[in-house]
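Reader: Hello! Could you choose one part of this model and take me through it closely, then show me how a few other parts are put together?

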Amino acid sequence: MSAVVEVKSLSKWFGEVIALNNLDLEIGRGVTGLLGPNGAGKSTLIKVILGLHAPSRGSVRVLGGPPRNNAAVLRRIGYCPETDNFYANTSGFEFVYWMNRYWGMNNRDAARAAEEACDLVHMTDRMHDPVEEYSKGMRQRIKLAQALAARPDFLLLDEPMNGLDPQGRDEMYALIQRLAEHGTPVVVSSHVLYEIERITDDVVLLYGGSLIAQGRVRDIRALIDSQPHTIHVSSGSPRALAARVAGEGHILALELRDDGLVLRTSDPNRCYDLLNGLALGEDPLVRTIECADDSLQAVFDYLTKK
Amino acid sequence: MEHTPGALAAFLGAKPAARGYANAVRGSAGHAASLILRQKRLALVALVAFLPVLIPLAMAFLSRTQFVDGGNVVFVRLVEQLYISVLAPLLALFFAGMLVAEDVEMQTMPYILTRPIPRSGWVVGRFIAYLCVSVAILSVSITLTYLASATLANLKMTDRNNLVLLAHYLGVTAAALAAYGALAVFLGAFTKRPIVYGLLLLYGWQKIATVIPGLVDFLTIKKYVDALYPVLATQRAVVEVQTALGSFQKQVFIVSASRAGLVLACVTAAFLVASIIAVRRREYVSNRVAGS
């Protein structure tokens with residue numbers, strides 16, 4: 001099966017700073033996780049794949065063609081950026097509508113596609129409200145709606161889980177997997193391995209602008225699990241939450257804070273399952289979950305032989 | 001966001017059709033117009049643009065004998081010296097200058113640049129939106145000023161010659177807005193501070209160029225806009241220039257109205273093409289890079 005993205009000897013630098021260093025990789029169908037700590041070059045790679053940046057050296061081909069200023073390729077790509085920026089005084093519907101017009105739809109098609117995309121991300125009730133009144137999670141949904149509205153053949157999602165509550169994340173995981181099942185290749189960038197692990201087994205690991213590994217996430221998982229894992233949990237009742245999780249055998253340490261807990265666990269999978277269960281319960285003890293990422297950093301340190 | 005497999009398949013299967021270039025231009029123009037019309041600065045600019053209407057009314061109200069100038073002279077002065085020389089460049093800077101720059105500032109460029117819209121269609125669409133809004137504002141204001149000037153002597157509202165004069169000035173205003181606007185779009189696409197550079201060029205350089213002896217004024221848009229004025233060009237051959245050191249006369253090389261119109265059309269087209277090239281070549285996205 002031909003690769004959706006082919007990157008050959010790709011380097012990108014800004015002045016004296018090397019953002020991407022001689023990358024060679026291919027991304028195929030299904031869901032691919034683009035993983036790396038902040039500053040690894042994930043967003044820069046995505047922007048080169050989208051043609052927003054021209055390669056300083058090397059080449060990128062997406063769906064068989066170079067992406068930069070190439071309408072034939074861009075017409076088939078959906079992109080959900082990491083940054084949270086919208087036009088002022090615009091509703092979610094209007095935003096998706098105008099993005100559809102820029103895609104090339106006429107007035108009627110753009111309006112219909114915007115409605116359908118807002119419905120797909122469950123924003124129909126609020127789609128005519130100003131974006132400024134949306135929560136972070138709602139803005140993420142609108143960004144996803146604009147990426148999906150033109151029914152792309154290839155989807156690039158830059159940190160799509162940012163700002164989503166646990167339920168929103170679960171829904172996002174499910175949607176990404178379903179899109180892939182329906183034949184839409186999806187690249188998802190994240191600095192949290194757990195997020196990627198929930199949706200795919202194929203990952204590309206970037207660190208310092210270089211490709212350090214590409215392959216199955218379970219091989220990396222083994223490395224991760226050998227490291228302790230730190231998780232920040234926000235809660236309205238930190239003491240009740242501490243009482244609930246303290247007895248679990250995989251919890252190595254607990255730090256009580258005014259707005260929640262900091263947990264250190266030897267088994268991140270069981271810990272995340274436990275926390276998600278508490279977040280989705282009738283009386284949720286968990287508001288948000290955030291990976292402190294130190295374990296991932298440890299694996300990157302290990303892989304880069306620091 | 002849970003969906004049945006059938007619902008998602010139906011959604012993905014209903015792929016919309018992509019239309020042609022004209023649709024892209026219309027889409028870009030419609031979006032730009034909606035953005036301009038919602039800007040807070042629109043009210044401020046409109047207020048400034050409509051203030052000159054009060055001048056002939058104030059003159060008529062204060063005294064008819066105090067001012068020797070008739071309504072026709074007042075109208076011509078207001079249009080040439082205020083509307084076309086000051087307000088047209090101002091509207092160009094504040095609307096056209098921000099057509100590209102605002103997307104860069106608000107970091108919405110990734111949305112635009114990852115869409116398959118031709119870059120030329122995007123720039124031209126936005127320019128058309130600016131031109132429609134700014135021409136509408138100044139045309140209404142100039143027409144109101146014409147009506148207000150009719151309260152003074154020597155200008156009859158329904159006189160055919162006066163109406164032709166009004167139409168002529170509306171045309172010159174549109175030409176000035178197009179040329180200044182194209183320059184402002186280019187500054188917005190090519191520099192990070194289009195308003196600053198625009199103020200320096202349109203109010204600084206154009207002023208200086210008119211007092212420097214020689215042919216330097218050929219390098220201004222104002223030279224060709226002035227050449228379109230209805231008053232006989234020969235009357236403008238020698239101009240008196242006021243400076244801090246005194247006044248002096250400067251020989252002005254005349255450009256015919258037809259050639260000036262051609263130059264303005266070329267200037268407008270050239271700056272639009274330069275803007276399109278800048279949008280195609282520049283990397284507007286912020287550079288968050290490894291180790292930075």
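Author: Happily: what follows starts with a sheet in one chain and then turns to a hairpin, some helices and a single residue.

A word on the basis: in this predicted model, local features need pLDDT of at least 70 and side-chain atom pairs count only at pLDDT 80 or more, while totals for chains, interfaces and linings use all residues, and side-chain values use heavy atoms, leaving out hydrogens and water. Residues are numbered from 1 along each chain as its sequence is written, with chains lettered from A and ligands numbered from 1 in the order in which they are written.

In chain A, 6 strands form an open sheet with mixed pairing, in the order β5-β6-β7-β3-β8-β9. At the edges are β5 (77–80) and β9 (210–216) of chain A, each of which pairs on one side only. Averaged over the sheet and ignoring direction, neighbouring strands are turned by 15 degrees against each other. Strands here are DSSP runs of E with at least two residues, and helices are runs of H or I with at least four, numbered from the N terminus; two strands pair if DSSP finds at least two bridges between them.

Look next at β5(A): it runs parallel to β6 (residues 154–158) of chain A, and 4 bridges join the two. One bridge partner is easy to find, as A:Gly78 is matched with A:Leu155 in β6(A). Helix α1 (residues 42–49) of chain A packs on this sheet and touches β3 (31–35), β5, β6, β7 (186–190) and β8 (202–207) of chain A, its direction making about 150 degrees with that of β6(A). Helix α5 (residues 136–148) of chain A also packs on the sheet, where it touches β5 and β6 of chain A, and its direction makes about 170 degrees with that of β5(A). Such angles run from 0 to 180 degrees between N-to-C directions, with axes fitted as lines to C-alpha atoms, for helices over the stretch in contact; contact means heavy atoms within 4.5 Å.

Chain A also has a hairpin. Its β1 (residues 5–14) and β2 (residues 17–27) pair in the antiparallel sense over 7 bridges, with A:Val5 opposite A:Ile27. Between β1(A) and β2(A) are 2 residues, and A:Gly15 in the turn has a positive phi of about 60 degrees.

Over in chain B, helix α3 (residues 40–50) and helix α8 (residues 119–149) pack with axes 9 Å apart at an angle of about 30 degrees. They are therefore roughly parallel, a term for angles under 35 degrees, with over 145 counted as roughly antiparallel, 65 to 115 as roughly perpendicular and the rest as oblique. B:Leu42, B:Ala49 and B:Phe50 of α3(B) meet residues of α8(B) including B:Val133, B:Ile137 and B:Leu144.

Finally, B:Ile112 lies in helix α7 (residues 109–113) of chain B. This residue is buried, at a relative accessible area of 1%; buried means under 20%, exposed over 50% and partly exposed in between, using a 1.4 Å probe and protein chains only. Leaving aside residues up to four places away in sequence, B:Ile112 touches residues in both chains, among them A:Tyr87, A:Tyr102 and B:Trp122. B:Trp122 is 10 residues away along the chain, and its C-alpha atom is separated from that of B:Ile112 by 8.7 Å.
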